[in-house]
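Colleague: Please take one part of this model and describe it closely, beginning with a single charged side chain and its partner. I should then like to follow that partner into its surroundings.

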Amino acid sequence: MDSNWQVLQPSRFLKEIPKHLLDIQDVTSSVYMQAEHQKLPNKQSCLTNDPQDTEHAAVKTGNSETETVNNLFDEDSKESNETILPCNGNDFLKRFSSEERATVSHLFHQWAKKAAFKEPKRLLDKVAFVIDERLRVKKTAQKDVLRSLKSCLKTNEAFQYAENVLQWLQIPAEKRAYITREKQEHFQKLRIETAMGSSAATSKQIAYLQSLGCTTTPTSRLHASRLIEQYKSL
């Protein structure tokens with residue numbers, strides 16, 4: 001409660017004050033109290049305002065906060081998309097055979113590790129310079145691969161491949177090793193499945209399938225292996 005509304009106890013010297021002074025004091029006090037009473041609703045109205053205005057302000061504040069969060073989310077999304085967007089650098093390697101790709105990849109990775117070639121354009125210029133130097137040497141092996149590589153260094157695919165190599169080297173070494181290991185296991189599994197798919201099922205596989213109650217004749221070792229897994233899970 002406001003101190004102006006508190007009831008004060010009369011002083012013991014009140015009786016000694018002249019009556020005409022008490023009348024003036026009463027009038028002044030009443031006027032002061034009325035003025036304060038009028039100011040109090042105004043202060044409350046300033047603090048509370050109209051409920052609709054307050055609700056509108058709250059909604060506006062909430063919308064501004066939501067917009068801020070959304071803007072931050074959009075910026076993060078853009079940044080993550082820029083990082084996650086697949087690069088078409090692998091299309092560049094498809095120009096070469098599986099044996100030639102190792103030479104191309106090694107040449108790019110060798111110079112991409114240097115601090116002076118952290119930009120795709122500079123990396124491509126360095127690779128072109130190294131190719132020229134190697135072609136001048138008579139004993140250089142795989143000159144056909146180097147000539148073929150130099151002829152396509154100015155393409156968009158080569159630029160994207162250089163970006164891909166630089167982004168790859170920015171990944172921590174432990175994570176790169178993990179990704180490389182996963183890729184090796186994946187391709188090894190594909191090679192095994194390809195080999196098993198092109199060879200006939202063994203007699204042991206057929207006998208084991210018959211013992212499991214399988215009446216289907218497998219068409220390949222891969223088919224027999226999958227049938228075995230299927231019947232073992234039953």
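Modeller: Arg95 has a relative accessible area of 44% and therefore counts as partly exposed; with a 1.4 Å probe and protein chains only, buried means under 20% relative accessible area, exposed means over 50%, and partly exposed lies in between. The model is a predicted one, in which local features need pLDDT of at least 70 and side-chain atom pairs count only at pLDDT 80 or more, whereas totals for chains, interfaces and linings use all residues. Residues are numbered from 1 along each chain as its sequence is written, and side-chain values use heavy atoms, with hydrogens and water left out.

The partner of Arg95 is Glu157, and the closest N and O atoms of this salt bridge are 3.0 Å apart. The term denotes a side-chain nitrogen of Lys or Arg within 4 Å of a carboxyl oxygen of Asp or Glu. Distant parts of the chain are linked by this pair, since Arg95 lies in the loop between α3 and α4 while Glu157, 62 residues apart from Arg95, belongs to helix α7. Helices are DSSP runs of H or I with at least four residues, strands are runs of E with at least two, and both are numbered from the N terminus. Glu157 is itself partly exposed, with a relative accessible area of 27%.

Glu157 leads to helix α7. This helix has 15 residues, and the distance from its first C-alpha to its last is 21 Å, close to the 21 Å expected at 1.5 Å a residue; the expected span is 1.5 Å times one less than the number of residues. Its buried residues are Ala158, Tyr161, Ala162, Val165, Leu166 and Leu169. Viewed down the axis of α7, these buried residues fall within an arc of 135°, so they line one face of the helix; the arc is that of the directions from the helix axis to the C-beta atoms. On the face turned away from the buried side, α7 carries the exposed residues Asn156 and Gln170. As a general rule, an α-helix has 3.6 residues a turn, so residues three or four places apart point the same way.

The next matter is the core to which α7 contributes. The largest nonpolar core has 25 residues, of which Phe92, Val104, Phe108, Leu123, Val127 and Leu149 touch the most other members. A nonpolar core is a set of buried Ala, Val, Leu, Ile, Met, Phe, Trp, Tyr and Cys residues joined through side-chain atoms within 4.5 Å. At least two residues of this core come from each of α3 (89-93), α4 (98-112), α5 (120-136), α6 (143-151) and α7 (156-170), and α7 gives the most, with six residues. Val127 illustrates the packing: apart from its neighbours within four places in sequence, Val127 is in contact with Leu107, Phe108, Leu149 and Leu153, contact meaning heavy atoms within 4.5 Å. In soluble globular proteins, nonpolar side chains tend to be buried together.

A second core, separate from this one, has six residues, including Ala201, Leu209, Cys214 and Ile228. Cys214 is buried, at 6% relative accessibility, and Cys152 is also buried, with a relative accessible area of 4%. Zero disulfides are found in a search of the whole structure, a disulfide being a pair of cysteine sulfur atoms within 2.5 Å.

To return to the charged side chains, the salt bridges in the model come to six, and two further pairs may be set beside Arg95 and Glu157. In one of them, Glu133 is joined to Arg136, with the closest N and O atoms 3.0 Å apart. Both residues lie in helix α5, three residues apart, which is about one turn of the helix. Glu133 is partly exposed at 37%, whereas Arg136 is exposed at 60%.

In the other pair, the side chains of Asp144 and Arg147 meet at 3.3 Å, N to O. Helix α6 holds both residues, again three residues apart and about one turn of the helix. Asp144 is exposed, with a relative accessible area of 62%, while Arg147 is partly exposed at 45%.
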